[in-house]
Amino acid sequence: MRLDKFLKVSRLIKRRTLAKEISDQGRITINGNVAKAGTDVKVGDELVIRFGQKLVTVNVTGLNEHASKENAKGMYELVKEERINESE
């Protein structure tokens with residue numbers, strides 16, 4: 001599944017266009033590699049997403065193209081969430 005679609009369907013990011021913008025700015029890595037919107041996401045991948053001054057790390061646990069709100073959380077497992085200091 002494409003990265004931008006995964007982010008939208010899993011509800012990590014609310015809109016696919018926003019997911020595309022963030023990924024194309026180089027703010028998302030998959031398994032340590034900078035990812036673009038069209039990068040394939042597979043079960044077991046580790047995503048690190050930079051939201052402003054926050055880093056969110058998740059593991060992909062499932063791929064469901066038509067996830068509902070109730071089972072969208074089952075698509076990923078939150079590993080850690082940390083604040084970053086921009087002045088470093």
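**Exercise 1. Which residues does Thr-57 touch, not counting residues up to four places away in sequence?**

Solution. Start with the ground rules. This is a predicted model: local features need pLDDT of at least 70, side-chain atom pairs count only at pLDDT 80 or more, and totals for chains, interfaces and linings use all residues. Residues are numbered from 1 along each chain as its sequence is written, and side-chain values use heavy atoms, with hydrogens and water left out.

Step 1. Apply the contact criterion: heavy atoms within 4.5 Å.

Step 2. Read off the partners. Thr-57 touches Glu-46, Leu-47, Val-48, Glu-77, Leu-78, Val-79 and Lys-80.

Step 3. Place the residue. Thr-57 sits in strand β4, residues 54-60. Strands (E, at least two residues) and helices (H or I, at least four) are DSSP runs, numbered from the N terminus.

Step 4. Check burial. Thr-57 counts as buried because its relative accessibility is 4%. Buried means under 20% relative accessible area, exposed over 50%, partly exposed in between (1.4 Å probe, protein chains only).

**Exercise 2. Find the strands that pair with β4, and give their sense.**

Solution. Step 1. Two strands pair if DSSP finds at least two bridges between them.

Step 2. Take β3, residues 46-51. It pairs with β4 in the antiparallel sense over six bridges. Phe-51 has Lys-54 of β4 as its bridge partner.

Step 3. Inspect the link. β3 and β4 form a hairpin with two residues between them. In the turn, Gly-52 has a positive phi of about 60 degrees.

Step 4. Take β5, residues 76-83. β4 and β5 pair in the antiparallel sense over seven bridges. Here Val-60 stands opposite Tyr-76.

Step 5. Follow a β3 residue outward. Val-48 lies in β3 and touches Arg-27, Ile-28, Thr-29, Leu-55, Val-56 and Thr-57, residues up to four places away in sequence not counted. Val-48 and Arg-27 are 21 residues apart along the chain, yet their C-alpha atoms are separated by 8.1 Å.

**Exercise 3. Describe the largest nonpolar core.**

Solution. Step 1. A nonpolar core is a set of buried Ala, Val, Leu, Ile, Met, Phe, Trp, Tyr and Cys residues joined through side-chain atoms within 4.5 Å.

Step 2. The largest one has 20 residues; Leu-3, Phe-6, Leu-7, Leu-12, Val-41 and Leu-47 touch the most other members. Two or more residues come from each of α1 (3-9), α2 (16-24), β1 (28-30), β3 and β4. α1 gives the most, with four.

Step 3. Zoom in on Val-41. Its contacts beyond four places in sequence include Met-1, Phe-6, Ile-30, Leu-47 and Leu-63.

**Exercise 4. Which residues of α2 are buried, and how are they arranged?**

Solution. Step 1. The buried residues in α2 are Ala-19, Ile-22 and Ser-23.

Step 2. They lie on the same side of α2, because they cover an arc of only 95 degrees around the axis. The arc is that of the directions from the helix axis to the C-beta atoms.

Step 3. These buried residues pack against α1 and β1. After α2 comes Gly-26, with a positive phi near 80 degrees.

Step 4. Look at the loop between α1 and α2, which holds Ser-10. Ser-10 has a relative accessible area of 2%, so it is buried. A polar atom of its side chain lies 3.4 Å from the backbone oxygen of Leu-7.

**Exercise 5. State the overall fold order.**

Solution. Count three helices and five strands. Along the sequence the pattern is α-α-β-β-β-β-α-β. Of the 88 residues, 33% are buried.

Key: A polar contact is a pair of N or O atoms within 3.5 Å; within protein, one must be able to donate a hydrogen and the other to accept it, and residues adjacent in sequence count only if both atoms are side-chain atoms.
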